[in-house]
Amino acid sequence: MPHWMHEKFVLIVNALKDRNLKETRSLCSYINTRGGSCRYLVSVDEMEGVRKVRAEDVPHGTECIVVLGGDGTLIRAARDTVECNIPLIGVNMGTLGYLCELEPDGLEEALDLMLHDKYTLEERMMICGRKEVPVKTQTYTENGVERTSVKEGPVFRALNDIVIHRTGSLSLVSLTVYVNGQYLHTWNGDGIILSTPTGSTGYNMSAGGPIIDPKAQLLLLTPINSHALTQRSIVIDPHDEIVIEVESWHGKQTDTVEVSYDGDHGCWLCAGERIHIRRAQESTKILKISRASFLEILRKKMQTFC
């Protein structure tokens, strides 16, 4: 029996896409017959909805994570397991997917290519956000002015994007952006998208932002439905720190906006509160089998979608 290059596999499965875990069990069986070992973790099911896959759930020594579902499942898996530093490869069981390279009918062939070391690894940058909350204290300065300190919230990571957006019946939000401490602009609209190159084909593209090769190293800032005659995305150096502050709208201090990380809720921001966004220290490793270029994949996906 040949030596399996990736002997230990973990499958992360969206059970709403793989009904009765048919493909999951078939894939595990194939890996076992080829001399490897395999276990699976369910990240989405009909009873509990989305589950968080914890890094400690991934067995020590795992060499490859295969994600069965769609781009959303792969993005969540990347975010949840980034501390494991294990390559991921996605199996597209949805409709349109830019990240999931494999299809169910080509799984065995793809696994055999991995066996013969016919694969490459792509490093995908991630971003992280941290909420900053002004906190008034009872300490006064010499001028009798109340001192304000800053309380920091937890850090959230994203592979695709961080979106600051309006919620409910709120008509517009006013967001001021600073880059490395320097004022950039104040946007009035539905919000702002901070996207990685990987996320450029997601919400960023829908909002009119540019499509970027996912291997690039940069940040994209795209306003959402800006209340202005022009709306332009801005390309930002990946080493810059971006601070976005929520301004009061027509003097209403109770306005709140939501911060979403890869489409999942992260936190709320009220007028006067800020969020710091920068490149994360961690990155996601995507295992690639196909030699097709990003532009070729993009063309095929767009033709399929149209």
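This passage looks at one buried aspartate, the salt bridges and the internal cavities of a predicted model. Residues are numbered from 1 along each chain as its sequence is written, and side-chain values use heavy atoms, with hydrogens and water left out. Because the model is predicted, local features need pLDDT of at least 70 and side-chain atom pairs count only at pLDDT 80 or more, while totals for chains, interfaces and linings use all residues.

A good place to begin is Asp262, which sits in the loop between strand S15 (256-261) and strand S16 (264-270). Helices (H or I, at least four residues) and strands (E, at least two) are DSSP runs, numbered from the N terminus. Asp262 counts as buried because its relative accessibility is 15%; buried means under 20% relative accessible area, exposed over 50%, and partly exposed in between (1.4 Å probe, protein chains only). The side chain of Asp262 makes a polar contact with the side chain of Arg79, at 3.5 Å. A polar contact is a pair of N or O atoms within 3.5 Å; within protein, one must be able to donate a hydrogen and the other to accept it, and residues adjacent in sequence count only if both atoms are side-chain atoms. Once neighbours within four places in sequence are set aside, Asp262 is in contact (heavy atoms within 4.5 Å) with Ile75, Arg79, Ala158, Leu159, Asn160 and Asp161.

Charged pairs come next. The whole structure contains 14 salt bridges, each defined as a side-chain nitrogen of Lys or Arg within 4 Å of a carboxyl oxygen of Asp or Glu. In one of them, Asp112 pairs with Arg34, with 3.4 Å between the closest N and O atoms. This pair links distant parts of the chain, 78 residues apart: Asp112 belongs to helix H3 (residues 107-115), and Arg34 to the loop between helix H1 (22-33) and strand S2 (37-45). Asp112 is partly exposed, with a relative accessible area of 22%, and Arg34 is partly exposed at 25%. Another salt bridge joins Asp213 and Lys215, with their closest N and O atoms 3.1 Å apart. Asp213 is partly exposed at 30%, as is Lys215 at 42%. Elsewhere, salt bridges that share partners bring Arg54, Glu56 and Asp57 into one network. Within that network, the side chains of Asp57 and Arg54 meet at 2.9 Å, N to O, and Arg54 is partly exposed at 43%.

The interior also has some empty space to explore. Two cavities of 30 Å³ or more are present. On a 1 Å grid over the protein atoms alone, a cavity is a set of points where a 1.4 Å probe fits but cannot get out, and lining residues have an atom within 4 Å of a point. Grid points are joined across faces, edges and corners, and a volume is the space filled by probe spheres set on the points.

The largest cavity holds about 60 Å³. Its lining includes Ala78, Pro87 and Lys285. Helix H2 (71-81) and strand S17 (274-288) each supply at least two lining residues, and S17 gives the largest share, three. This lining divides into five nonpolar, four polar and one charged residue. Ala, Val, Leu, Ile, Met, Phe, Trp, Tyr, Cys and Pro count as nonpolar, Asp, Glu, Lys and Arg as charged, and the others, Gly among them, as polar.

The second largest cavity has a volume of about 30 Å³. Trp187 and Gly191 are among the residues that line this second cavity. Three residues from S10 make up the largest share of its lining, which has six nonpolar, four polar and no charged residues.

Terms used
On a 1 Å grid over the protein atoms alone, a cavity is a set of points where a 1.4 Å probe fits but cannot get out, and a pocket is an open set with protein on both sides within 12 Å along at least five of seven lines; lining residues have an atom within 4 Å of a point.
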